[in-house]
Amino acid sequence: MDHVSSENARAAGDAQEVLVCVDQYAFPGGWIKPAEADARAQLSCEQLEDGKVLCFERVPYLLFQDDREFLLSQRQSESRLHKNVSYRPSRDVLRGAAGEPKERARLHEIMRKYSQEVTRFLKQLLAPYALDMALDFASFRPEEEEGRDLPTHKRNDLLHCDAFPTRPTNGHRILRCFTNINPTAPRIWNTTDAFSVLAEKYANEAGLAAFAAKGSAPSHPLVRSFKKAFGLKAVDHSAYDRFMLRFHDYLKDNRDFQQNCPKTRLEFPPGCTWICYTDSVPHSVMSGRYALEQTVIIPLTSLLTPDKAPIRVLERLAGKPLSRSS
Ligand SMILES: [Fe+2]
């Protein structure tokens, strides 16, 4: 698919209907009025579950200026440390970094610190989730997103909802926190109608009934032992996970949807941090470089309004459970 023009698409609504500017929380103190902390944390969770994007004008956690400059300098010096870098906090492993060992070690240290600090921030901001929040990967995204030449299903500039091929969630939620560390340029997203609207419109065509009918049986024992023999992790995908992966691809493949769906432009200026459930907030990245990102998984049992979760939306449409464990 060619790079999509959205010039003719009608606007989905005002960005202010999607963005919630959190001005009552600041680093290092947290909530400005401690007496309101519980109520504000609860409201923030509810807003996220309602499909809003929470944003902060300034970085609301500790990010050292010299670390930020190191990250920015890598691309400028044409070092090989320029592709997307991922950090796995549970194993303290850095992937995707090249360059000299000294540079890689510095990058590793920066990503470790970033992951720890942003997680501390998320647990304080979203206190109702703090106990059961599970840490997933973090990433540094230095590439310019505009005009990247990627295969259709990997393109970030096509609207989609996130689903992880290798890390099924069983209906638990994908919450992501981004920071634009670019000192001069904004990061630009588009969004469109809410997940529930897209699901109602497109889930049947994307094959929901067939995924629901097949159920969430674990993979065949032979497949499991084969994977084990080759050192691969035997991961069972629920019907929900399999459908969400299909829906991700379906939306990216759907030229009419990509060109003509209503769009809302979201602009994240330099220094901005924003948080949303990217499994239900449809998004495409139109431009921008140098973003930091941390993913956490929020269990369904921690949600304040679980009926709004994508798995529940899809189960209502399918009339069947889509996971054995949720
Ligand atoms: Fe995404």
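Start with T191, whose bridge partner in β10 is T264. The model on screen is predicted. Select both residues and you are at the meeting of two strands. T191 closes the stretch 187-191, which is strand β9. Strand β9 and β10 run antiparallel, joined by 5 bridges.

**The three-stranded sheet**

Now widen the selection to β10, β9 and β12. They form an open sheet of 3 strands, in the order β10-β9-β12, with antiparallel pairing. Which strands stand at the edges? They are β10 (264-268) and β12 (284-287). Each has a single partner strand, so one side of each is left without a neighbour in the sheet. Turn the view along the sheet. Neighbouring strands are turned by 30 degrees against each other on average, direction ignored. Strands of a sheet pair through backbone hydrogen bonds, either parallel or antiparallel.

**The whole chain**

Zoom out for a moment. The protein chain has 10 helices and 13 strands. It has 326 residues, and 39% of them count as buried. Count the contacts with a separation of 6 or more: 85% of them join residues 24 or more positions apart.

**Strand β4**

Select residues 53-56, strand β4. Are its faces covered or open? Both are covered. V53 and C55 lie on one side, L54 and F56 on the other, and these four are all buried. In a regular strand the side chains alternate between the two faces of the sheet.

Next, add the partners of β4:

- Strand β1 (residues 19-21) pairs with β4 in the parallel sense, over 3 bridges. Look for L19, which stands opposite V53.
- Strand β11 (residues 273-277) pairs with β4 in the antiparallel sense, also over 3 bridges. Here F56 stands opposite T273, and C55 stands opposite W274.

**Strand β11**

Stay on β11 and show its side chains. How many of its residues are buried? The count is 5 of 5. T273, I275 and Y277 point one way, while W274 and C276 point the other way.

Then bring in β8 (173-180). β8 and β11 run antiparallel, joined by 5 bridges. Centre the view on W274. F178 stands opposite W274, and so does C55 of β4.

**Helix α2**

Select residues 37-49, helix α2. This helix has 13 residues. From its first C-alpha to its last it reaches 18 Å, close to the 18 Å expected at 1.5 Å a residue. Colour A41, S44, C45, L48 and E49: these are the buried residues of α2. Now look down the helix axis. The buried residues fall within an arc of 135 degrees, so they line one face of the helix. An α-helix has 3.6 residues a turn, so residues three or four places apart point the same way.

What do these buried residues pack against? Their neighbours are β4, α4, β8 and β11.

Check both ends of α2. Just after the helix, G51 takes a positive phi of about 90 degrees. On the other side, E36 has its place in the loop between β3 (30-31) and α2. Is E36 buried or exposed? E36 counts as exposed, because it has 12 C-beta neighbours inside 10 Å. Add Q24 to the selection. E36 and Q24 are 12 residues apart in sequence and 9.6 Å apart in space, C-alpha to C-alpha.

**The core**

Time to go inside. The largest nonpolar core has 73 residues. Select those with the most contacts inside it: C55, M111, L208, F243, W274, L314 and L322. You have already visited C55 and W274, which stand opposite each other. Helix α4 (residues 101-125) gives the most to this core, with 8 residues. In soluble globular proteins, nonpolar side chains tend to be buried together.

Centre on M111. Leaving aside neighbours within four places in sequence, M111 is in contact with V85, Y87, L94, A138 and F140.

**Helix α8**

For the last stop, select residues 239-253, helix α8. The helix has 15 residues and reaches 21 Å from its first C-alpha to its last, close to the 21 Å expected at 1.5 Å a residue. Its buried residues are A239, Y240, D241, F243, M244, F247, H248, L251 and K252. Show three more helices around them: α6 (208-214), α9 (255-260) and α10 (310-318). The buried residues of α8 pack against these helices.

Definitions and conventions
Residues numbered from 1 in each chain as written. Predicted model: local features only at pLDDT ≥ 70, side-chain atom pairs only at ≥ 80, totals over all residues. Pairing = 2+ DSSP bridges. Axes fitted to C-alpha atoms, helices over the stretch in contact; angles between N-to-C directions. Buried ≥ 20, exposed ≤ 12 C-beta atoms within 10 Å, placed from the backbone. Core = buried A, V, L, I, M, F, W, Y, C linked by C-beta atoms within 7 Å. Contact = placed C-beta atoms within 7 Å. Expected span 1.5 Å × (residues − 1). Arc of directions from axis to C-beta.
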